[in-house]
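Trainee: Got a minute to go through this one with me? I'd like to start with the rings and then move on to helix packing.

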Amino acid sequence: MKAVAIGTWKFGEPGVSAAVKVLSHGGSSLDAVECGIRTVELDEKVTSVGFGGLPNRHGVLQLDAAIMDGISGRCGSVLALEHCVTAISVARKVLEQSRHPILAGAGATAFARDVLPEDFRDTGSEVLTAHAKRRFEDFCQDQERQHDRSHSAWHSDTFGLICLDQGGRLAVGCSTSGLQFKESGRVGDSALIGNGLFVDGSVGAACASGDGDAMIRHVLSFLIVELMRSGKNPQEACEEAVERVRLSDGTCQAAVIAMDVKGRVGAHCTRSGFTFVVSDVDTGTRVQDCIVDSNVARWHHTCI
């Protein structure tokens, strides 16, 4: 079977390419997902994932990440992880070594110290880039933003990645630093199984990006996989799921990608400006614009 990978956002192109390289050498979909997301997490130019991510309102970088195996159905997730920018690798360790599927806060951080000491940093300042520190200083000087606790002005871009390996095995993962200058301990939809990501190895996989506080009630990734189970192709499933979001909340920023067990892909969004990346060993890596109605508003990026 031809190996395929699809990821959210143009900034994820290096990660999708890294994942396909793993797949082209016969690597597993789970290894490819971890490698691809880790590549993006270590890119400090990406300001909504991993090392380049922006901190919470107290100046602390807290990361969320999850990974799920389509064959076994097992998953690993970390929420509000501190001191370790390779959150996807910690999530993989949760999947493989923890007796729990989700670890959060201080527990996730302590687990990361034990299982990935080479990636762990003793002080929080070591995981903030110079850009993140400047943005936080600007935030501290902006009294109006400090007191704005509505979610309407805060958005982030999750990197989600779906891989199908040569053996026909699916896996999915995602990683994010969440809303910039969020409340301490805030968790969005990204690393919650069924919300930000989901896979059933006999059907397909999906993941989502956007306004997690608003998207969380739609359980989009599980919905998309179930729509594919009912007979819809990935594109049809993405479109129906996004339409449900539009009907429920016309202001919500939401974007989704999907892949079925045949390697067919789909993507859709509530606003224009969403990009996604598809790659396989035959056609290479290509960035694509998600086509939506020209009358809809453009995606609002503030995590820059």
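Trainee: How many aromatic pairs are there by the ring-centre rule?

Mentor: Keep in mind that this is a predicted model. Rings of Phe, Tyr and Trp pair if their centres lie within 6.5 Å. By that rule, the count of aromatic pairs comes to six.

Trainee: Take W9 and F274: what kind of aromatic pair do they form?

Mentor: You describe a ring pair by the distance of the centres and the angle of the planes. For W9 and F274 that's 4.9 Å centre to centre, with 85° between the planes. Planes over 60 degrees apart get their own label, so this pair is edge-to-face.

Trainee: How many residues apart are W9 and F274?

Mentor: W9 is in the loop between β1 (4-8) and α1 (13-24). F274 is in the loop between β10 (265-269) and β11 (275-280). The pair links distant parts of the chain, and the separation is 265 residues.

Trainee: Is W9 buried or exposed?

Mentor: The relative accessible area of W9 is 3%. Buried means under 20%, so W9 is buried.

Trainee: Now the helices: how are α8 and α9 oriented, oblique or roughly parallel?

Mentor: The axes of α8 (residues 220-229) and α9 (residues 234-248) come within 9 Å and cross at roughly 135°. Roughly parallel needs under 35 degrees, and roughly antiparallel over 145. That crossing angle therefore makes α8 and α9 oblique.

Trainee: Which charged residues are in the contact of α8 with α9?

Mentor: The contact residues divide into ten nonpolar, no polar and two charged. Glu and Arg count as charged, so the two are E240 and R244 of α9.

Methods. Residues numbered from 1 in each chain as written. Predicted model: local features only at pLDDT ≥ 70, side-chain atom pairs only at ≥ 80, totals over all residues. Heavy atoms only, no water. Phe/Tyr/Trp six-rings, centres within 6.5 Å; stacked < 30°, edge-to-face > 60°. Helix = DSSP H or I, 4+ residues; strand = E, 2+ residues; numbered from the N terminus. Buried < 20%, exposed > 50% of the residue type's maximum accessible area, 1.4 Å probe, protein only. Axes fitted to C-alpha atoms, helices over the stretch in contact; angles between N-to-C directions. Parallel < 35°, antiparallel > 145°, perpendicular 65-115°, else oblique. Contact = heavy atoms within 4.5 Å.
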